Amino acid sequence: MEETNSPEVKYDDNQIRTLMENKLPEMTRYMKFIGTFTLIVGIVYCVTIIGAIFGIPMYFMGRRLRESADFYLKYRRSNSGQDLYNAIEKQTRAFFIQYVFTIIGLVFMGLYLIIMIILLVSGVFWN
């Protein structure tokens, strides 16, 4: 990882609480929307057997995002460390699923490019 040369900003507890009070509702609203959208797309993908391969993980990713948003809101009300832990843990699970999808997508894209280059070089597209 690269180290940045920007000066470190120090916050006291009151500033952090204010930041959490202002930004958590906004962030949870976005998380719930993205979670709901991902959940619905996952359900639609599950209509076919092949689509279920992608739909089931998408469903769980959307569900984890929504659960994480709920725990962030609970943390905002209760200030409980356990609620914050649960929120971060659920969010981490959702991002892990997305991470795996991204890696798989990059592998497929690389394979597609290799196949296209082989087909171009072999003259399959030349009539």
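**Exercise 1. Overall form of the chain**

What percentage of the 127 residues of the chain count as buried? Work this out, and then describe the elements and the extent of the chain.

*Solution.* The model is a predicted one, in which local features need pLDDT of at least 70 and side-chain atom pairs count only at pLDDT 80 or more, whereas totals for chains, interfaces and linings use all residues. Residues are numbered from 1 along each chain as its sequence is written, and side-chain values use heavy atoms, with hydrogens and water left out.

Step 1. Of the 127 residues, 23% count as buried, where buried means under 20% relative accessible area, exposed means over 50%, and partly exposed lies in between (1.4 Å probe, protein chains only).

Step 2. The chain holds 3 helices and 0 strands, with helices (H or I, at least four residues) and strands (E, at least two) taken as DSSP runs numbered from the N terminus; the order of the elements from the N terminus is α-α-α.

Step 3. The radius of gyration of the chain is 21 Å, while a compact globule of 127 residues would have one near 14 Å; the radius is taken over C-alpha atoms, and the globule rule is 2.2 Å times the number of residues to the power 0.38. Along the principal axes, the C-alpha atoms fill a box of roughly 70 × 45 × 20 Å.

Step 4. For contacts between residues at least 6 apart in sequence, 51% join residues at least 24 apart, a contact being heavy atoms within 4.5 Å.

**Exercise 2. The largest nonpolar core**

Determine which residues touch the most other members of the largest nonpolar core, and which elements supply the core.

*Solution.* Step 1. A nonpolar core is a set of buried Ala, Val, Leu, Ile, Met, Phe, Trp, Tyr and Cys residues joined through side-chain atoms within 4.5 Å. The largest has 13 residues, of which M31, M61 and Y72 touch the most other members.

Step 2. Two or more residues of this core come from each of α1, α2 (49-78) and α3 (81-122), and the largest share, 7 residues, is that of α2.

Step 3. With neighbours within four places in sequence left aside, Y72 is in contact with L24, M27, T28, M31, L84, A87, I88 and Q91. In soluble globular proteins, nonpolar side chains tend to be buried together.

**Exercise 3. Two threonines of one helix**

Are T38 and T28 buried or exposed, and which residues do they touch?

*Solution.* Step 1. T38 is found in helix α1 (residues 13-45), and T28 is also found in helix α1.

Step 2. T38 counts as buried because its relative accessibility is 9%; T28 likewise counts as buried, at 3% relative accessibility.

Step 3. Not counting residues up to four places away in sequence, T38 touches M58, Y59, M61 and G62, and T28, with its neighbours within four places left aside, is in contact with A69, Y72 and L73.

Step 4. The C-alpha atoms of T28 and Y45, which are 17 residues apart along the chain, are separated by 25 Å.

**Exercise 4. Residues of α2, α3 and the loop between them**

Locate F71, N79 and F96, and describe the surroundings or backbone of each residue.

*Solution.* Step 1. F71 has its place in helix α2 and touches D83, N86, A87 and K90, not counting residues up to four places away in sequence. F71 and V41 are 30 residues apart in sequence and 23 Å apart in space, C-alpha to C-alpha.

Step 2. N79 lies in the loop between α2 and α3 and is partly exposed, with a relative accessible area of 49%. Most residues other than glycine have a negative phi, but N79, although not a glycine, has a positive phi of about 60°.

Step 3. F96 is found in helix α3 and counts as exposed because its relative accessible area is 52%. The C-alpha atoms of F96 and M61, 35 residues apart along the chain, are separated by 8.7 Å.
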